[in-house]
Each structure stands twice: as structure tokens, then as C-alpha cells.
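Let's take a walk through a protein together, from its outside to the spaces within. Keep the 3D view open so you can find each residue as we go.

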Amino acid sequence: YVEGPSAAEADRHFENLWSSGHVAELSVHVSVDEKRRAAQWLDDAVDQLECQAFIQQYTNHDWSAGERVVAAVGFLHDDRGARVGARFADILHSARRSIVIESPYLVPSRSLLQLLEKKVGEGVYVEIVTNSLSSSDGVLVHAAYLKYRRRLARAGIDVHEYKGPDTLHAKSAVVDGRIVLVGSYNIDPRSQNLNSEVICVVEDEEIARELLDAIDLHVLNAWKVDRDGQPACDDSSGIAPRSKLFRAWSARLLLPLIEGQL
């Protein structure tokens with residue numbers, strides 16, 4: 001939950017994107033009856049979610065009540081050629097003690113790999129939490145990750161693969177136990193070069209501790225990757241279905257053609 005100047009900047013970014021030439025109305029015809037049926041379907045879905053106590057509408061909750069005011073909050077987005085990925089890398093480059101990254105999709109670019117290796121060489125602790133094949137919802141992107149897993153581990157990076165059964169989908173990082181990054185940015189070529197991503201940046205040690213505690217919960221439900229690039233599965237639950245294994249390994253044949261799109 002964010003309010004203040006950074007939220008206003010997020011609103012401006014949305015309006016600029018909405019009114020830009022990159023966004024166009026769908027050229028489709030929808031009848032009145034189709035709209036009525038769609039509205040009824042959505043109403044029924046919301047009612048069902050409320051009955052299951054999954055959501056609650058109209059809580060009249062004051063989200064800012066009791067929350068601390070954090071002075072340094074920033075909103076990063078692609079702007080006039082300045083990509084979010086470059087600014088993300090700049091923040092990682094500033095690390096002096098630790099870098100903790102949580103990303104569902106992990107296909108690091110050459111420059112990011114070199115940056116993380118450089119940080120480890122400088123004595124910075126680097127930890128990454130990502131999906132295992134068992135929990136991943138993207139077989140192609142996981143196949144690309146397998147290409148880099150051993151190099152990451154041998155560089156001295158502490159890599160953990162989330163067990164599941166659900167899919168890890170958090171996209172966050174903590175630098176030096178005080179800089180928090182949360183947003184839509186994945187550690188992959190698509191986020192770095194193709195998508196329009198956003199990141200909220202907070203400089204606050206208490207919020208950083210809260211996020212690190214949340215990441216630690218995922219680490220407890222993850223396998224650690226050893227120096228040979230293999231996850232230390234503690235039982236047979238770490239073995240994905242054979243069909244998924246086959247698709248992941250066969251997908252590696254396509255990586256030279258599609259890795260830049262993942």
C-alpha cells in the first residue's frame with residue numbers, strides 16, 4: 001500500500017500509457033445482450049468469492065491507519081529510453097553487504113550475471129529464490145533457467161528453488177537490508193528488454209526486515225541448489241511429472257531461437 005508523491009507518479013504513468021499511441025481500442029462489436037450476460041457472470045463470480053470468504057467488498061478500512069510514514073519511496077518505470085532494468089541493476093551495483101532477490105522467472109542476462117559475480121567477488125552475499133520445475137508455471141522459461149543454474153551456484157550465489165505445490169510469483173529484492181524493491185520486474189529478457197515494467201523502491205530497514213522475513217518463509221519451502229547446480233531434494237516430491245520433465249529438457253533445443261523472448 002503506497003500513498004503520496006510516488007502514487008501520484010504511478011497514476012501519471014498509467015494515464016500517459018493509456019493515452020499513448022501504444023494503446024488502442026478494440027475494434028469489436030458487443031451486443032447489449034452479451035454485455036448483460038457478461039455483467040451477470042461477473043456479479044455471480046464476485047458473490048461466490050464473497051460466500052467463500054475469499055474477498056470482502058466495501059470494508060470501509062482506512063489502509064493508512066496505524067502505518068508508519070516512510071520518507072524515501074520511489075516509483076520506477078520505463079521513461080524516454082531509461083529502462084527499469086538498467087535502474088534495477090544500478091541499485092544492485094550499489095550493494096555493499098547483501099542482495100536478496102525473489103523472482104518466479106530467472107533467466108539472467110550476461111550483464112546481470114557478471115554484475116552478481118562481481119558483487120560476490122567483493123564479499124557481498126547474494127541469495128536468489130525462484131521456482132523449481134515442480135512449481136513453475138512456465139516450462140520454457142524454466143528450461144532457460146537450467147542453462148544458468150550451475151554457473152549461478154558455482155559463482156557462490158545462494159540459489160533456492162521453491163517446492164510448491166503453488167507457484168512462486170513474487171517479484172522483489174532487498175539490498176543491504178534497507179533498500180526494498182517490489183514490482184512487476186522479473187529477472188529475464190522479457191522484463192529487461194520487451195515489457196513495460198514498474199518497481200516501487202523503499203529505503204527503510206523495518207520494511208526491508210518484513211520483506212526478508214516473508215522471503216525466508218519461501219526459503220523454508222525450497223530446495224537449495226548445490227555447487228554442481230543440482231537442487232538438494234529431500235524426497236521424491238522434488239521430481240516433477242515425467243511429461244513436464246520431458247517438455248523442459250526438449251525445450252532446451254529451442255533456446256537459441258526463443259531465449260530473448262522469455
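We'll look at a surface patch, then some salt bridges, then the cavities.

Keep in mind that what you're looking at is a predicted model. Start with helix α1, which covers residues 5-18. W18 belongs to this helix, and together with F14, L17 and V23 it makes up a nonpolar patch on the surface. As a group, these residues have about 410 Å² of accessible area. W18 itself has a relative accessible area of 56%, and because exposed means over 50%, W18 counts as exposed.

Stay on α1 for a moment and find E9 and R12. Their side chains meet in a salt bridge, with 2.7 Å from N to O. Why do they sit about one helical turn apart? They're three residues apart in helix α1, and that spacing makes about one turn. Both partners are partly exposed: E9 has a relative accessibility of 24%, and R12 has 45%.

That's one of the 14 salt bridges found in the whole structure. Now try K119 and E122, another pair, whose closest N and O atoms are 2.8 Å apart. Is K119 buried or exposed? K119 is buried, at just 1% relative accessible area, whereas its partner E122 is partly exposed at 42%.

Next, look for E203 and R178, whose side chains form a salt bridge at 3.5 Å, N to O. E203 sits in strand β7 and R178 in the loop between β5 and β6, so this pair ties together parts that are 25 residues apart in sequence. Both are partly exposed, E203 at 46% and R178 at 34%. There's also a network here: R68, D204 and E206 are joined by salt bridges that share partners.

Now for the inside. How many cavities of 30 Å³ or more does a search of the whole structure find? It finds two. The largest holds about 70 Å³ of space. It is lined by 14 residues, and the closest to its centre are F88, K171, S172, A173 and Y185. Strands β2, β5 and β6 each give two or more residues to this lining, with β6 giving the most, three. By class, the lining has eight nonpolar, four polar and two charged residues.

The second largest cavity has a volume of about 40 Å³. Its lining includes P104, Y105, H142 and Y145. Helix α5 supplies the largest share, three residues. This lining has five nonpolar and four polar residues, but no charged ones.

Definitions and conventions. Residues numbered from 1 in each chain as written. Predicted model: local features only at pLDDT ≥ 70, side-chain atom pairs only at ≥ 80, totals over all residues. Heavy atoms only, no water. Patch = residues over 30% accessible without salt bridge, like charges linked within 9 Å, V, L, I, M, F, W, Y side chains within 5 Å. Areas by Shrake-Rupley, 256 points an atom, 1.4 Å probe, with all protein chains shown as cover. Salt bridge = Lys/Arg side-chain N within 4 Å of Asp/Glu carboxyl O. Helix = DSSP H or I, 4+ residues; strand = E, 2+ residues; numbered from the N terminus. Buried < 20%, exposed > 50% of the residue type's maximum accessible area, 1.4 Å probe, protein only. 1 Å grid on protein atoms, 1.4 Å probe; cavity = no way out; pocket = protein on both sides within 12 Å on 5 of 7 lines; lining within 4 Å. Points joined across faces, edges and corners; volume = space filled by probe spheres on them. Nonpolar A, V, L, I, M, F, W, Y, C, P; charged D, E, K, R; others polar.
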